[in-house]
Amino acid sequence: MDIHEYQAKEILARFGVAVPQGALAYSPEQAAYRARELGGDRWIVKAQVHAGGRGKAGGVKLCESEHEILDSASDMFGQKLVTHQTGPEGKGVYRVYVEGAVAFNREIYLGFVLDRTSQRVMIVASSQGGMEIEEISAQRPESIVRSTVEPAVGLQDFQAREIAFALGIPAKLMQQMTRTLQGCYRAFTELDATMVEINPLVITADDRVLALDAKMTFDGNAVFRHPHIAELRDKSQEDPRESRAADRGLNYIGLTGNIGCIVNGAGLAMATMDTIKLAGGEPANFLDIGGGATPERVAKAFRLVMSDDNVQAILVNIFAGINRCDWVAEGVVQALKANPVDVPVIVRLAGTNVEEGQKILAKSGLPIIRANSLIEAAERAVTAWKNDVAQNTKMRAV
Ligand code: ADP
Ligand code: MG
């Protein structure tokens, strides 16, 4: 789960990371008012979206008067900001953050990520901040410092100092730097984050170590342990299809093809999508209905998949271990009777109570295409989808 820059700064500040003074605004007028409250004569207006790369995309503006703040904020509000991290559809700007502009001498990159190979938190830092980490690793790979933290003892001060030395931080700023590193590490582990990134962390003209940007991502499966983090979720920044699914306790990933997939388990989802591609199709999404899929849950899944206009065929692929095929079949029949769909539906069931499941589908009188193996299901889905599209095109031409 992602949060906004201003929220990440608020959290990190509580862990001892120094951040500039700033204030949030929901309109251009409020942004100007906030700047007046902050005082000073140079401000940075920053679009709050769940994506980096805002600076290059017009989402971070230096302003030297209230007038400029009004203008810059007006340009941002209500727009879709497209950065290299948002995808072409962009992300809507509904909040801006106003900060005092800070004079600085150096920009540092600082990231905390989960390194799956070592199964530890890894600190990634570079003296070449300001650029994205991908750019740094392409252009200045030698500037990158990596350090993994031994979980039994946590981040040690000597280790933090080693990182600081490697970045060329002067001795007089050592304490501020280790405090920043320790703060990020504690926030990361105590709040079940999967990523903390400060880019840039700057050394100001008056010798302060200050986080000018902040990004935090949390483990979605752990936010229930942190209600104050869960509250920060901003649905305006999410794919609406995925938010709707999350609200219903389903795991949904939106994609760009035409075949909707209802499956149980992430592994089966991957295999199903691979097989659809092998058969010449493209998945529109996948929806994981999880372990105990009751008919109600399957019906919900169907409604959700059908709410995506790109879906021109639905493939249901269930391997029932804990699940029961008869329940899933019941769910498919209920869903299709309550909300008939005008696209082909292909169902492949395997595992517990498969015969009962097949009988329910057969007896339903619904035009469900059945398949026994995964490859057969994918091929039938692709063929049915192509035929259906061809027929619709012909009908439109007539
Ligand atoms: P993004 O990473 O999304 O482009 P940043 O918050 O990193 O957004 O801002 C882009 C750049 O703007 C920073 O690299 C920094 O040079 C400058 N900047 C951001 N905030 C401030 C600030 N408060 N004072 C001065 N410069 C800033
Ligand atoms: Mg940045």
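How far is an oxygen atom of ligand 1 from an N or O atom in the side chain of K46? I looked this up in what is a predicted model, and the distance between the two atoms comes out at 2.7 Å.

**Entry 1: ligand 1, polar pairs.** After K46 I turned to the backbone, where a polar atom of G100 lies 3.3 Å from a nitrogen atom of ligand 1. I then found an oxygen atom of ligand 1 at 3.1 Å from a backbone N or O atom of N199. I also looked up how much of the ligand is covered: ligand 1 taken alone exposes 540 Å², and the protein buries 84% of that area.

**Entry 2: the shell around ligand 1.** I listed the surrounding residues and noted 17 of them, with K46, R54, G55, E99 and V102 as the closest. By class, I recorded 7 nonpolar, 5 polar and 5 charged residues in this shell. The elements that contribute two or more residues to the shell are the strands β2 (43–47), β6 (96–100), β7 (104–115) and β10 (193–204).

**Entry 3: domains.** I noted the division of the chain into domain 1 (1–18 + 104–237), domain 2 (21–101) and domain 3 (240–390). Going back to ligand 1 with these bounds, I found that domain 1 and domain 2 each give at least three residues to its shell. For domain 2 and domain 3, I looked up the separation of their C-alpha centres, which is 43 Å.

**Entry 4: the magnesium ion.** Which residues coordinate ligand 2, the magnesium ion? I found N199, through its O atom, and D213, through OD, at 2.1 to 2.2 Å. N199 sits in strand β10, whereas D213 belongs to the loop between β11 (209–211) and β12 (215–218), and the two are 14 residues apart. I checked their accessibility as well, and both N199 and D213 are buried. I note that N199 appears twice in these entries, since its backbone also supplies the N or O atom at 3.1 Å from an oxygen atom of ligand 1.

**Entry 5: D274.** Last, I located D274 in helix α9, which spans residues 266–278. Is D274 buried or exposed? I entered D274 as exposed, because its relative accessibility is 53% and the cut-off for that class is over 50%. I also compared its position with that of G53: D274 and G53 are 221 residues apart in sequence, and their C-alpha atoms are 32 Å apart in space.

How values were computed: Residues numbered from 1 in each chain as written. Chains lettered and ligands numbered in written order. Predicted model: local features only at pLDDT ≥ 70, side-chain atom pairs only at ≥ 80, totals over all residues. Heavy atoms only, no water. Near = heavy atom within 4 Å. Polar contact = N/O pair within 3.5 Å; in protein donor to acceptor, adjacent residues only side chain to side chain. Areas by Shrake-Rupley, 256 points an atom, 1.4 Å probe, with all protein chains shown as cover. Helix = DSSP H or I, 4+ residues; strand = E, 2+ residues; numbered from the N terminus. Nonpolar A, V, L, I, M, F, W, Y, C, P; charged D, E, K, R; others polar. Domains from an automatic or database assignment. Donors = N, O, S within 2.8 Å, 3.2 Å for Na, K, Ca; no water. Buried < 20%, exposed > 50% of the residue type's maximum accessible area, 1.4 Å probe, protein only.
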